[in-house]
Protein chains: 4
Amino acid sequence: MTDPAYRHRSEIGFAETDASGWMHFPNAFLHFERAEHAFLRSKGLLVFDRAAGGWPRVHASCDYRRPLVTGERIDVPLWITRLGTSSVTWKFRINNATGETCAEGDVTTVRVDGNGKPQPLTTDERQALGG
Amino acid sequence: MTDPAYRHRSEIGFAETDASGWMHFPNAFLHFERAEHAFLRSKGLLVFDRAAGGWPRVHASCDYRRPLVTGERIDVPLWITRLGTSSVTWKFRINNATGETCAEGDVTTVRVDGNGKPQPLTTDERQALGG
Amino acid sequence: MTDPAYRHRSEIGFAETDASGWMHFPNAFLHFERAEHAFLRSKGLLVFDRAAGGWPRVHASCDYRRPLVTGERIDVPLWITRLGTSSVTWKFRINNATGETCAEGDVTTVRVDGNGKPQPLTTDERQALGG
Amino acid sequence: MTDPAYRHRSEIGFAETDASGWMHFPNAFLHFERAEHAFLRSKGLLVFDRAAGGWPRVHASCDYRRPLVTGERIDVPLWITRLGTSSVTWKFRINNATGETCAEGDVTTVRVDGNGKPQPLTTDERQALGG
């Protein structure tokens, strides 16, 4: 893999675990989202605005390789693997403190306006996203 | 207590537990909310609509008396304990299958319009809410 | 597709939406999980027990086709598409009240014991799961 | 009020909002919890461990004064207002970037062992908690 476009450092909250003691699986997507949004903000791009729209998902997947538990420090690198006309495909990993990949996934978002209609990425968006 | 205005039957999802094995505490409020919304719908009242508004909370509290675990069948009775000009104060319990009260709380909601501004309860709303 | 092994009827809670007005995307997995657990219970199979173990996910994916909003009645059919030595692969859909598929996904779970170690599906489990 | 025992800086995630555009109300408790856990870690105290136990809640309340929206930077000061034999009562606020209090609440936790049984605060715990 190339160097990630961004890295978001965070941790696993007690609230994100389930009775097994491990992170409840859909919370991987919340960590992916926090990394995506931190990256968008770092580039000055819209995250969400009722009038201006946002980036709903059309696809999300995750492979779970190792459990994550309460208080674990994580590093969430991200890559942009494809820019479509209106869509962005992201790859994310959740690495633990010893650098092992615990979860890895892909998410495809689509740029929509305030009415939820897809709209082409602007030149500025495309450039900020590395296209 | 008088008879409840409504009873909502549900169960504790695995996703609602935390690593202790018990329901993570803020999920009591999600169960209160589901009961409140089921009651509102049963009365033909608005739950939420972007144009017409909704019922944001100004207060929420809960006392936790007994743990709740994965798959437990619950009964959530509710009472309306006060109607203000724009506000409704609710009491909720979460009872387990043997009738023991596991959680008990109060929530105050305010009727707002689509811009989030409080507006007086209508005569119809007041009547449906038992006022 | 063949007939589903099970159908779980539910609804989209206000708490599951985000500021766009649509269901926040990871909540599709919570609806898949509720359907999976309702099915397991209907077959007398374990959902989760600290001593006996459970079914952690090793893969989860979802395609989002249409938005889902507050209060929408949903039907969640499920299919078991593969039984491995220790794993079960599920397909889920979330259909709206007019029968349109709004989300569709696959989840692979692995049967683990109370220490989180994979263990082969028993003959009874395999039979109950349609193998 | 006296100076807070701790301040936790964070932000409101898009995932924490609901269709009204505002933070969904139970998420205030997740922000309280993150502040509580960050404080416990800063003092070298247990957050949660299956064998050693944790701090389940017996009471939680919140007053909501101003809406919080996606991406808002927040400051969560906390105070310990009472130490009982086994219990700790906390006060939390969620302040926005201009210093306004948007939410304010109280939570009472009880120190339990790995079997969920209350146990007296140790001298070390009491001292670390400011008693």
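Visitor: How many salt bridges are there over all chains?
Guide: A search of the whole structure finds 52. Keep in mind that this is a predicted model.

Visitor: Let's take one in chain A. What does A:E16 pair with?
Guide: The side chain of A:E16 meets that of A:R34 in a salt bridge, 3.7 Å from N to O. The two are 18 residues apart, so to speak of distant parts of the chain is fair here.

Visitor: Where do A:E16 and A:R34 lie?
Guide: A:E16 is in the loop between β1 (6–11) and α1 (27–42) of chain A, and A:R34 is in helix α1.

Visitor: Is A:E16 buried or exposed?
Guide: A:E16 is buried, with a relative accessible area of 10%. A:R34 is at 28%, so that residue counts as partly exposed.

Visitor: Over to chain B. What meets B:E11 in a salt bridge?
Guide: That is B:R73, at 3.4 Å from N to O. B:E11 lies in strand β1 and B:R73 in strand β3, so the pair ties together parts that are 62 residues apart in sequence.

Visitor: And how accessible are B:E11 and B:R73?
Guide: B:E11 is partly exposed, at 24% relative accessible area. B:R73 is exposed, at 54%.

Visitor: Now chain D. Which residue forms a salt bridge with D:K91?
Guide: D:E104 does, with the closest N and O atoms 3.6 Å apart. D:K91 is in strand β4 (residues 87–95) and D:E104 is in strand β5 (residues 101–110), so this salt bridge ties together parts 13 residues apart in sequence.

Visitor: Are D:K91 and D:E104 buried or exposed?
Guide: D:K91 is buried, at 15% relative accessible area. D:E104 is buried too, at 13%.

Visitor: Which residues of chain A do shared partners join into one network?
Guide: A:R65, A:K91, A:R93, A:E104 and A:D106, by way of salt bridges.

Visitor: What is B:K91 in contact with?
Guide: Leave aside neighbours within four places in sequence. Then B:K91 is in contact with eight residues named here: B:M1, B:P77, B:L78, B:W79, B:T81, B:E104, B:G105 and B:D106. B:K91 lies in strand β4 of chain B.

Visitor: New topic. How many aromatic pairs does the structure hold?
Guide: It holds 34 over all chains. In one of them, the ring centres of D:F29 and D:F32 are 5.7 Å apart and the planes are at 85°, so the pair is edge-to-face.

Visitor: Where do D:F29 and D:F32 lie?
Guide: Both are in helix α1 of chain D, three residues apart, about one turn of the helix. Both are buried.

Visitor: What lies over the face of A:W55?
Guide: A:R111, at 5.5 Å from the ring centre. In chain C, C:R111 lies over the face of C:W55, at 5.5 Å from the ring centre.

Visitor: How much area do chain A and chain B bury between them?
Guide: About 840 Å², with 64% of it on carbon and sulfur atoms. A:F14, A:A19 and A:R50 supply 51% of what chain A buries against chain B, more than any other three residues.

Visitor: How many residues does each chain give to the contact?
Guide: Ten come from chain A and ten from chain B. The count of salt bridges between chain A and chain B is zero.

Visitor: What turn lays chain C on chain A?
Guide: A turn of 180°, with a shift of 0.0 Å along the axis and an RMSD of 0.0 Å. That is the relation of a two-fold axis. In chain C, the C-alpha nearest the axis is that of C:S61, at 1.9 Å.

Technical notes: Residues are numbered from 1 along each chain as its sequence is written. Chains are lettered from A and ligands numbered from 1 in the order in which they are written. This is a predicted model: local features need pLDDT of at least 70, side-chain atom pairs count only at pLDDT 80 or more; totals for chains, interfaces and linings use all residues. Side-chain values use heavy atoms; hydrogens and water are left out. Rings of Phe, Tyr and Trp (its six-membered ring) pair if their centres lie within 6.5 Å; planes under 30 degrees apart count as stacked, over 60 as edge-to-face and the rest as tilted. Helices (H or I, at least four residues) and strands (E, at least two) are DSSP runs, numbered from the N terminus. Buried means under 20% relative accessible area, exposed over 50%, partly exposed in between (1.4 Å probe, protein chains only). A charge sits over a ring if NZ of Lys or CZ of Arg is within 6 Å of the ring centre and within 35 degrees of the ring normal. Copies are superposed by least squares on the C-alpha atoms of residues with pLDDT of at least 70 in both. Contact means heavy atoms within 4.5 Å. Buried area is the accessible area (1.4 Å probe) that two parts lose on being put together, summed over both. A salt bridge is a side-chain nitrogen of Lys or Arg within 4 Å of a carboxyl oxygen of Asp or Glu.
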